[in-house]
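Please walk me through this model, beginning with how burial is judged and then moving from the overall fold to individual residues.

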Amino acid sequence: MDTFIKKEHYNFIKKCLSDLNTTFKCCTDKNIVETCKLSTRDQIFNLFEALTEEQITLIDINTLQTALDIDSYTKKLDGYVYGMAPITNAQISKLFKKEHKIKMPDSDAQDTPHVYLSWIDESIRKLFIVYPINDKLVGMACRLPNSNSKNKHICTLCHYVGDETEVACVSPVCKATSSDAGAYRSISFDVCLDSKKCNDRITSAEKLENLLKDVCQIK
Ligand SMILES: [Zn+2]
C-alpha cells in the first residue's frame, strides 16, 4: 500500500486520539466512551475523500480499547504518511531570486514528511517558508524580530503557545498588488521558529495557504 495520509491529517488523527485516550483513562461510563470513539472515528474518516478496503481497515479505530492500542495504531499509520515533495536547492534559489546568497535548509530537513519547508538564515535574520499551492511552489521570506520580549505568542499555523525563543512575530516581504504598485504592504504573523516541531503539530494547511496567497498575491 502506498502512502495516502497527508502529514497534517496524520497530526490531526494523533490529536483526536490523544483526546480519546484521555476519555479512556478518565471516563468510566462505557456508553460515553463508545460515543466518543464513534465521533472520533467519523472525524478521521471525514478527512478522506476515497479509501480502498485495505486503507479503511488500517485507519478504522473501532477495535482500539486502551492507550497501548492507540500507540500501536499510530505507529502502524506512520508508514503511510506523506508530506510535500522534496525540492532542490536550485528550486529554492529560483523562488528567492531577490535574496542574495541565502543559506539553504539543512541537508536532513526533508528526510521526514513535512507539511511545509521552513528554515532560518541567521546572518540576514530571515525565516523562509516554502509550500506548494496547486502543485506550484510558493515561497516567502520573513523578517525576524529584533526584540527579545518574554511575551507569549500563538503560532498561526499549529496554535502552539510559546515565548519569543519559540514563537516569533515575523513579517513577510509582500508582493505589491497591481493597483498599488510599489506601495508597501505590511503583514505579520506569529510562527514557530522550530519548523520541525511545528510540522509535527499542524493539523491543517489552510491558514498557511491563505497567508501565502495574501503575501504573494495569488488568486
Ligand atoms: Zn507552529
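A residue is called exposed if 12 or fewer other C-beta atoms lie within 10 Å of its own, and buried if 20 or more do. The model is a predicted one.

By that count, 21% of the 219 residues of the protein chain are buried. The chain folds into seven helices and nine strands, and its C-alpha trace spans about 60 × 40 × 35 Å along the principal axes. Among contacts with a separation of 6 or more, residues 24 or more positions apart account for 60%.

The largest nonpolar core has 25 residues, and those touching the most other members are I129, C155, L157 and V191. Two or more residues each come from strand 4, strand 5, strand 8, strand 9 and helix 7. Once neighbours within four places in sequence are set aside, I129 is in contact with Y116, S118, G139, M140 and C142. A second core, separate from this one, has five residues, including I5, I13, L17 and L20. In soluble globular proteins, nonpolar side chains tend to be buried together.

Helix 7, one of the contributors to the largest core, covers residues 206–216, and its buried residues are L208, L211, L212 and V215. Seen down the helix axis, these fall within an arc of 95°, so they line one face of helix 7. An α-helix has 3.6 residues a turn, so residues three or four places apart point the same way. E206 and N210, on the other side of helix 7, are exposed. The cover over the buried residues includes strand 4 (126–133), strand 5 (136–143), strand 8 (167–172) and strand 9 (189–192).

Just past the end of this helix comes Q217. Its phi is positive, about 55°, although Q217 is not a glycine. Most residues other than glycine have a negative phi. Is Q217 buried or exposed? Q217 has 12 C-beta neighbours inside 10 Å and therefore counts as exposed. N134 also carries a positive phi, near 50°, in a residue other than glycine. N134 sits in the loop between strand 4 and strand 5, and is exposed because 7 other C-beta atoms lie within 10 Å.

The next pair of elements is helical. Helix 1 (residues 7–26) and helix 4 (residues 67–78) have axes that come within 10 Å and cross at roughly 175°. The two helices are therefore roughly antiparallel to each other. On the helix 1 side the contact is made by Y10, I13, K14, L17, N21 and F24, which meet A67, I70, T74 and L77 of helix 4. By type, the residues of this contact divide into seven nonpolar, two polar and one charged. I13 and L17, on the helix 1 side of the contact, are also among the members of the second core.

A last residue to look at is H114, in the loop between helix 5 (89–95) and strand 3 (117–121). H114 is buried because 22 other C-beta atoms lie within 10 Å. Not counting residues up to four places away in sequence, H114 touches K7, G83, M84 and N199. One of these partners, K7, is 107 residues from H114 in sequence, while the C-alpha atoms of the two are 6.2 Å apart in space.

Note on methods
Residues are numbered from 1 along each chain as its sequence is written. This is a predicted model: local features need pLDDT of at least 70, side-chain atom pairs count only at pLDDT 80 or more; totals for chains, interfaces and linings use all residues. Helices (H or I, at least four residues) and strands (E, at least two) are DSSP runs, numbered from the N terminus. The arc is that of the directions from the helix axis to the C-beta atoms. Two residues are in contact if their C-beta atoms, placed from the backbone, lie within 7 Å. A nonpolar core is a set of buried Ala, Val, Leu, Ile, Met, Phe, Trp, Tyr and Cys residues joined through C-beta atoms within 7 Å. Axes are lines fitted to C-alpha atoms, for helices over the stretch in contact, and angles run from 0 to 180 degrees between N-to-C directions. Angles under 35 degrees count as roughly parallel, over 145 as roughly antiparallel, 65 to 115 as roughly perpendicular and the rest as oblique. Ala, Val, Leu, Ile, Met, Phe, Trp, Tyr, Cys and Pro count as nonpolar, Asp, Glu, Lys and Arg as charged, and the others, Gly among them, as polar.
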